[in-house]
Structures are given as structure tokens and as C-alpha cells.
Amino acid sequence: MSFPSWLSQLYRGLSRPIRRTTQPIWGSLYRSLVQSSQRRNPEFSSFAVRTNTCGELRSSHLGQEVTLCGWIQYRRQNTFLVLRDFHGLVQVVIPQDESAASVRKILCEAPVESVVQVSGTVISRPAGQENPKMPTGEIEIKVKTAELLNACKKLPFEIKDFMKKTEALRLQYRYLDLRSFQMQYNLRLRSQMVMKMREYLCNLHGFVDIETPTLFKRTPGGAKEFLVPSREPGKFYSLPQSPQQFKQLLMVGGLDRYFQVARCYRDEGSRPDRQPEFTQIDIEMSFVDQTGIQSLIEGLLQYSWPNDKDPVVVPFPTVTFTEALATYGTDKPDTRFGMKIIDISDVFRNTEIGFLQDALSKPHGTVKAICIPEGAVTRHSSSCL
């Protein structure tokens with residue numbers, strides 16, 4: 001069912017008189033939304049002048065006429081070049097005959113990282129020249145026409161992942177750094193995870209994605225907030241540190257399952273573990289207990305977790321507040337490092353060391369230590385602090 005069709009169905013359903021029904025329209029609409037969200041192979045070249053992306057061509061495309069757009073990765077001896085887009089690389093053969101002099105001129109004189117559009121035929125690489133390290137290593141493009149879309153000027157650094165660049169240089173030329181494989185991967189991975197989170201919450205568990213205002217009044221308590229001046233003298237807006245009040249209003253209003261990909265702002269520049277703005281998956285539910293919230297979050301992460309990463313194992317290990325303080329000394333321990341606090345009071349119960357005796361003589365007095373394997377050179381394999 002297309003978007004206009006189910007939208008018109010929704011309008012007709014809302015226009016009906018209120019009456020009892022055993023099959024509410026919301027059920028059929030919900031099923032339609034779920035069916036329309038079923039996974040399909042994405043069409044990366046839809047609505048574009050290109051016919052394919054650089055990384056999708058294989059030997060099964062031999063003989064096809066294609067149009068590609070991308071950046072010139074590098075060029076060798078003016079005989080071929082490698083064209084790059086977000087999907088991968090493909091080798092392009094530069095024509096050498098006189099009839100294609102204009103095409104050869106464009107492809108040979110365009111600086112590296114220039115954007116070009118080429119059209120030609122997918123052919124097999126000569127025997128022995130295949131590149132098994134490239135997904136497109138069995139084929140190449142025999143160019144017929146070429147167009148220079150944008151010439152590149154001299155760059156401050158090469159767009160190659162093995163080139164070491166300082167963080168300051170990367171931030172200064174962020175638009176160039178975004179061309180790197182790692183940055184492309186990170187941004188697309190985030191997009192895929194957010195989409196799967198929306199599928200899990202909306203399609204599988206009936207949550208409603210609601211956008212709340214960004215400009216609001218100051219809320220007492222919590223983190224410091226940024227202020228935005230208004231046109232009226234002496235009055236300001238406040239950027240919310242979280243949608244706390246809004247989602248409570250939604251719960252009172254009867255929307256018992258809400259979420260949004262919320263942008264949050266906190267003016268805490270003095271704290272090294274905070275940043276001024278960040279994004280969070282903000283969730284609020286009514287008629288739920290602690291176990292329900294934990295199960296929801298576990299399922300959300302398991303469903304949206306990337307397939308190329310180690311799978312998420314549920315249920316997550318849990319520890320109470322009291323156990324966390326007693327074992328790690330903090331309510332947000334990093335359990336990857338172990339470093340548990342161990343009670344060694346019995347070892348020093350009869351000690352003659354004064355400050356240890358004073359500690360053990362007090363009510364609930366204890367002596368605790370952290371065991372650090374290979375932390376110091378001793379007769380044993382570990383030391384305690």
C-alpha cells in the first residue's frame with residue numbers, strides 16, 4: 001500500500017462516526033505500515049543521471065552500457081584511472097585513439113579528486129590483469145564519453161585512508177575528511193542503526209515518534225542550559241538539556257509509548273566527559289516496570305546492532321547500586337577492566353599497624369584493596385593496593 005492510499009484510508013476512518021467495532025481501522029493501517037517497511041534492496045542510482053554506482057559492477061554486467069559519476073582516485077600513465085564513489089572503486093580505461101581525443105583530454109588533464117561523469121561499456125580485464133583485492137577487479141569500463149563536472153584544486157592532504165592526518169587538519173577541512181572510507185562508514189552505520197531502531201520501536205512495539213520543541217523556558221535542576229536571546233529585551237529562550245517535561249506531558253495526554261531521536265544541549269564546558277550537544281534515543285512509557293524497560297532496551301540494541309559486529313547477548317548482566325559501590329566504588333563501573341574492590345579485613349584483623357587498627361575498630365570499619373595483576377614486581381604474580 002502506497003503512502004497516499006493509506007493516508008486517505010486514515011482520513012476516511014477518522015471521518016466515520018464513533019461506534020463500536022471489532023476491527024478498528026488502526027489495525028489494518030498498522031499492518032500496512034509494517035508491510036510497506038519490509039526490507040528491499042536499495043536503489044542507489046534512482047533519480048540520478050548515473051545508471052550504476054562504481055562499486056556494484058561485476059562480471060555479470062559484461063556488455064552493459066553504463067553511466068558512472070565519481071571522484072578520480074588516481075591515474076596511471078594516462079592509460080586508465082580509478083573512479084571512486086561512496087560504494088567503491090572501478091577501473092576506467094582511457095581511450096587512446098584519435099577519434100576520442102576530446103574524451104582523452106578530459107580524463108588525462110583533470111586533476112586527481114576531480115568529479116567526472118563517464119559513459120561506456122563494461123568489459124573484462126585482460127587475462128592476468130585481474131585484481132582479486134577489488135570487488136570490481138574482474139571488469140573495467142571502456143569509456144565512450146566523459147564530462148568534467150568539477151575540477152579539483154590543490155588539496156591540503158591526499159584522500160587516502162593510509163595517509164596520517166592530524167585531528168586539527170581533519171577538522172579544518174572536514175568536507176575533505178568526509179570522503180574517507182572510515183568517515184563514510186561511520187555515518188552510514190549510524191543512519192542504518194537509527195533506522196532499525198525506528199523499525200523496532202514503531203513497527204514492532206507501537207511507539208510513536210514525536211518531535212518536541214527546541215526553544216523552551218529554563219527548567220530548574222540538572223545540567224546548565226544554553227540561553228538564546230529573543231527580540232524582546234530581557235527575555236531569552238533556553239535550549240532543553242532533555243525533553244523531560246514534554247514527554248511527561250505526552251504521557252499525561254494518553255500517548256503511552258513515545259520516543260524520538262532527540263538533540264540535547266548542555267552548557268558544561270568545564271567537565272571533560274561532556275560535550276555541548278549530543279543526540280540520544282529518548283524513550284518514555286506508561287504502565288511499565290523496571291523489568292519491562294530493561295527488556296525493551298536489550299531488544300532495541302540487539303535488533304539494531306550491525307551484522308558485521310559481534311552479536312549482542314541478552315539479557316545484559318546487572319548489578320545493584322549497593323553491589324556496584326561495594327565492588328567498584330562507583331555507580332557507573334567499567335566492568336571491562338575488572339579491578340574489583342576486595343574486602344581484606346580478616347587479613348589485617350590482628351595487625352599492629354596503627355591506621356589499620358583504627359579503621360577496623362570503627363563500626364562497620366573495613367580494609368579493602370584493588371588487586372592489579374602484574375601491577376608490581378613481587379614474589380607473586382599480582383600486587384594489591
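This briefing walks through the strands, one helix, the cores and two loop residues of the structure above. The model is a predicted one. Strand 2 (residues 80-85) is a good place to start, because six of its six residues are buried and it is largely enclosed by the rest of the structure. Elsewhere, three strands form an open sheet in the order 6-9-10, and helix 6 lies across strand 6, strand 9 and strand 10.

**Strand 2 and its partners**

- Strand 2 runs antiparallel to strand 1 (residues 65-76), and five bridges join the pair.
- Leu-83 in strand 2 is the bridge partner of Ile-72.
- The two strands make a hairpin with three residues between them, and Gln-77 in that turn has a positive phi of about 50°.
- Strand 3 (residues 88-93) is also antiparallel to strand 2, with six bridges joining them.
- Here Leu-81 stands opposite Val-92 in strand 3, and two residues lie between the strands of this second hairpin.
- In a regular strand, side chains alternate between the two faces of the sheet.
- Strand 2 has Phe-80, Val-82 and Arg-84 pointing one way and Leu-81, Leu-83 and Asp-85 the other way, and all are buried.

**The nonpolar cores**

- The largest nonpolar core has 22 residues, of which Leu-57, Leu-68, Leu-83, Val-90, Leu-107, Val-118 and Ile-141 touch the most other members.
- At least two residues of this core come from each of strand 1, strand 2, strand 3, helix 3 (101-109), strand 4 (115-124) and strand 5 (139-150).
- Strand 5 supplies the largest share, four residues.
- A second, separate core of eleven residues includes Met-197, Leu-201, Phe-207 and Met-285.
- Val-90, setting aside neighbours within four places in sequence, is in contact with residues including Cys-54, Leu-57, Leu-68, Met-134 and Ile-141.
- As general background, nonpolar side chains in soluble globular proteins tend to be buried together.

**Helix 6 and the open sheet**

- Helix 6 (residues 181-204) has 24 residues, which should span 34 Å at 1.5 Å a residue; its end C-alpha atoms are 33 Å apart, so the two values agree.
- Among the buried residues of helix 6 are Met-183, Leu-189, Met-193, Lys-196, Glu-199 and Asn-203.
- Gly-206 follows helix 6 and has a positive phi, near 70°.
- The helix runs at about 150° to strand 9.
- Pairing in the open sheet is mixed.
- Strand 6 (208-209) and strand 10 (277-285) are its edges: each has a single partner strand, so one side of each is left without a neighbour in the sheet.
- Strand 6 and strand 9 (residues 257-265) run parallel and are joined by two bridges.
- Asp-209 stands opposite Phe-259 in strand 9.

**Two buried loop residues**

- His-61 sits in the loop between helix 2 (25-36) and strand 1.
- With a relative accessible area of 15%, His-61 is under the 20% cut-off and therefore counts as buried.
- Leaving aside neighbours within four places in sequence, His-61 is in contact with Asn-52, Glu-56 and Val-122.
- His-61 and Ser-124 are 63 residues apart along the chain, and their C-alpha atoms are separated by 9.7 Å.
- Glu-268 lies in the loop between strand 9 and strand 10.
- The relative accessible area of Glu-268 is 14%, so this residue is buried too, by the same 20% cut-off.
- Glu-268 touches Ala-223, Lys-224 and Arg-274, not counting residues up to four places away in sequence.

Technical notes. Residues are numbered from 1 along each chain as its sequence is written. This is a predicted model: local features need pLDDT of at least 70, side-chain atom pairs count only at pLDDT 80 or more; totals for chains, interfaces and linings use all residues. Side-chain values use heavy atoms; hydrogens and water are left out. The expected span of a helix is 1.5 Å times one less than its number of residues. Buried means under 20% relative accessible area, exposed over 50%, partly exposed in between (1.4 Å probe, protein chains only). Two strands pair if DSSP finds at least two bridges between them. Contact means heavy atoms within 4.5 Å. Axes are lines fitted to C-alpha atoms, for helices over the stretch in contact, and angles run from 0 to 180 degrees between N-to-C directions. A nonpolar core is a set of buried Ala, Val, Leu, Ile, Met, Phe, Trp, Tyr and Cys residues joined through side-chain atoms within 4.5 Å.
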